Amino acid sequence: MSERNESQIMRIGIIALAVMLLVMVALLSMALRGAGLIYAADLSIAADIAAGRLVAVVPKVTRRTPGFFLYFPKRMQSQTKLRAFIDTAVRLRETRSQA
């Protein structure tokens, strides 16, 4: 793959990530205003639940297991970028739990 193609793929990936983030922010904003339900990771809404701004709709099925759960194709297991992501996620979790 040429350097130009890699650069284009990287830009597309960054744009896709930005769009997903904006959608998540919009959905959270709507849920906070009472406009519907949101399906989100505990870490991203824990403060809102603790403050009473959001309510867990199905708390009995909410997992309370600490950690991250990653789902990815088996062929990605040996990729350096996945390992880097996992290592970063673990470091962030450890930093937050110590705070």
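These are my notebook entries on a nonpolar core and the salt bridges of this structure, which is a predicted model.

**Entry 1: the core**

I began with the largest nonpolar core. I found that it has 5 residues in all: L28, A31, A40, I45 and L54. I then took two of its members in turn.

For A40, I set aside the neighbours within four places in sequence. That left contacts with M24 and I45. I45 is itself on the list of core residues.

**Entry 2: L28**

Next I placed L28, which sits in helix α1, residues 3-32. Leaving out residues up to four places away in sequence, I listed I38, I45, D48 and L54 as what L28 touches. I45 and L54 belong to the core as well. D48 caught my eye, so to speak, and gets its own entry below.

I also looked up how L28 stands to F72. The two are 44 residues apart in sequence, and their C-alpha atoms are 25 Å apart in space.

**Entry 3: D48**

Where does D48 lie? I found D48 in helix α2, which covers residues 42-50.

Is D48 buried or exposed? Its relative accessible area is 10%, and D48 counts as buried because the cut-off for that is under 20%.

Again skipping residues up to four places away in sequence, I noted that D48 touches L28, L32, R53 and L54. Two of these, L28 and L54, are core residues.

**Entry 4: salt bridges**

My reminder to self before the search: side chains of opposite charge can pair when their charged atoms come close.

How many salt bridges does a search of the whole structure find? The search gave me 2.

One joins R53 to D48, with the closest N and O atoms 2.7 Å apart. I compared how the partners are covered: D48 is buried at 10% relative accessibility, whereas R53 is partly exposed at 47%. R53 also appears among the residues that D48 touches.

The other salt bridge is between the side chains of D87 and R83, at 3.1 Å from N to O. I checked the accessibility of this pair too. D87 is partly exposed, with a value of 31%, and R83 is partly exposed at 45%.

How many residues apart are D87 and R83 in helix α3? They are 4 residues apart in that helix, residues 80-98, so about one helical turn separates them.

**Entry 5: what I take away**

D48 is the residue I would look at again on screen: D48 touches the core residues L28 and L54, and D48 also forms a salt bridge with R53. For the D87 and R83 pair, I would open helix α3.

Notes. Residues are numbered from 1 along each chain as its sequence is written. This is a predicted model: local features need pLDDT of at least 70, side-chain atom pairs count only at pLDDT 80 or more; totals for chains, interfaces and linings use all residues. Side-chain values use heavy atoms; hydrogens and water are left out. A nonpolar core is a set of buried Ala, Val, Leu, Ile, Met, Phe, Trp, Tyr and Cys residues joined through side-chain atoms within 4.5 Å. Buried means under 20% relative accessible area, exposed over 50%, partly exposed in between (1.4 Å probe, protein chains only). Contact means heavy atoms within 4.5 Å. Helices (H or I, at least four residues) and strands (E, at least two) are DSSP runs, numbered from the N terminus. A salt bridge is a side-chain nitrogen of Lys or Arg within 4 Å of a carboxyl oxygen of Asp or Glu.
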